[in-house]
Amino acid sequence: MSFAVLRSALVAAILAGWVAAPAFGQTPPSSAPPAQGAPQNAPARAGDPFGEDSALTAKTIIYVKGSGTWDKAFDIISGSFKKIKTYLDKEGIKPDGLAMTIFTATDDTGFEYQAAVPIAEPPKNPPRGELAVGHSPEGKALKFIHRGSYEDLDNTYEAITNYLDDQRLEAKDMFIEEYETDPATTDAKKLVVHVYVLIKSGQPSPG
């Protein structure tokens, strides 16, 4: 099964609630054992969050909204961040946090997304055309860490699916990839990605 098909199936399982429920400074791989619950073939580091409780707060963002296919996901997303960087550089605006991709819908072939960069306050000269100003999602989420190739995210999503199934939680119809390494400039095989799965309120914390 290809990366595109496998990842789309895993993400669809998370968002559809099939599983008991609940997205870049480059760091070199460590020889330490993988964090508990992390996929065994991923270069996780001891102490990396995997299912850690997180409370996301809304941030002002500049974003590009679009859609794409799984087989071209990295190129599509990194291209969107390049457009945002061009606007921020032109306006002299500095990012106020890590770049992120907010996935709002998925199916077997593709996805809908918002590629976003947080900023401290709304810009005096708002962007036009493809770019817009908005707010990032907020709420209760679980945090997972992926290190390595973007294509190997299917292994991480498989581990997330298994983890959520064990914990019997229910996810909201959205997840976030936050990039500790810049997706517009970093080698696609050397990424550090924080995956946030937003979960519905009123559920116990994993234990």
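A residue counts as exposed here when its relative accessible area is over 50%, and as buried when that area is under 20%, with partly exposed in between. The structure is a predicted model, and E130 makes a handy first case: its relative accessible area is 51%, so it falls on the exposed side of that cut-off.

E130 also turns up in the charge pairing. A search of the whole structure gives 3 salt bridges. In one of them, K83 pairs with E130, with the closest N and O atoms 3.0 Å apart. K83 sits in helix α2 (residues 73-91) and E130 in the loop between β4 (110-118) and β5 (131-135), so this bridge ties together parts of the chain that are 47 residues apart in sequence. K83 has a relative accessibility of 37% and therefore counts as partly exposed.

Another salt bridge stays inside α2. Here the side chains of K85 and D89 meet at 2.7 Å, N to O. Both residues belong to helix α2 and are 4 residues apart, which is about one turn of the helix. K85, at 43% relative accessibility, is partly exposed.

The D48 and R147 side chains also form a salt bridge, with an N to O distance of 2.9 Å. This pair links distant parts of the chain, 99 residues apart: D48 is in the loop between α1 (3-16) and β1 (50-56), while R147 is in strand β6 (residues 139-148). D48 has 13% relative accessibility and so counts as buried. R147 is buried as well, because its relative accessibility is 12%.

Strand β6 holds one more charged residue to look at, K143. What is the nearest side chain of opposite charge to K143? It is E52, 4.9 Å away, and K143 is buried yet has no salt bridge. The cut-off for such a bridge is 4 Å between a side-chain nitrogen of Lys or Arg and a carboxyl oxygen of Asp or Glu, so a separation of 4.9 Å does not qualify. Leaving aside neighbours within four places in sequence, K143 is in contact with P49, F50, G51, E52, S54, H194, V195 and Y196.

On the nonpolar side, the largest core has 38 residues, and those with the most contacts inside it are F81, F103, F144, Y150, I160 and V195. At least two residues of this core come from each of β2 (60-69), α2, β4, β6, α3, β7 (171-179) and β8 (191-199). Helix α2 supplies the largest share, with 7 residues. Apart from this core lies another, of 10 residues, including L56, Y63, A141 and L198.

Aromatic rings come up repeatedly too, with a count of 11 aromatic pairs. In one of them, the ring centres of W70 and F103 are 6.1 Å apart and the planes are at 25°, so the pair is stacked. The two residues come from distant parts of the chain, W70 from the loop between β2 and α2 and F103 from strand β3 (residues 100-106), 33 residues apart. W70 is buried because its relative accessible area is 1%, and F103, at 0% relative accessibility, is buried as well.

The F81 and Y179 rings take another arrangement: their centres are 5.8 Å apart and their planes are at 80°, so the pair is edge-to-face. F81 lies in helix α2 and Y179 in strand β7, so the pair ties together parts that are 98 residues apart in sequence. Both partners are buried, F81 because its relative accessibility is 4% and Y179 because its relative accessible area is 2%. Beyond single pairs, ring pairs link W70, F103, F111, Y113, Y157 and F175 into a cluster.

Y157 leads on to helix α3, where it is one of the buried residues; the others are L153, D154, T156, A159, I160, T161, Y163 and L164. How far apart are the end C-alpha atoms of helix α3? They are 21 Å apart, which agrees with the span expected for the 15 residues of the helix (residues 153-167) at 1.5 Å a residue. Just after α3, R168 takes a positive phi of about 55°.

Conventions: Residues are numbered from 1 along each chain as its sequence is written. This is a predicted model: local features need pLDDT of at least 70, side-chain atom pairs count only at pLDDT 80 or more; totals for chains, interfaces and linings use all residues. Side-chain values use heavy atoms; hydrogens and water are left out. The expected span of a helix is 1.5 Å times one less than its number of residues. Buried means under 20% relative accessible area, exposed over 50%, partly exposed in between (1.4 Å probe, protein chains only). A nonpolar core is a set of buried Ala, Val, Leu, Ile, Met, Phe, Trp, Tyr and Cys residues joined through side-chain atoms within 4.5 Å. Rings of Phe, Tyr and Trp (its six-membered ring) pair if their centres lie within 6.5 Å; planes under 30 degrees apart count as stacked, over 60 as edge-to-face and the rest as tilted. Lys and Arg count as positive and Asp and Glu as negative; His and the chain ends are not counted. Contact means heavy atoms within 4.5 Å.
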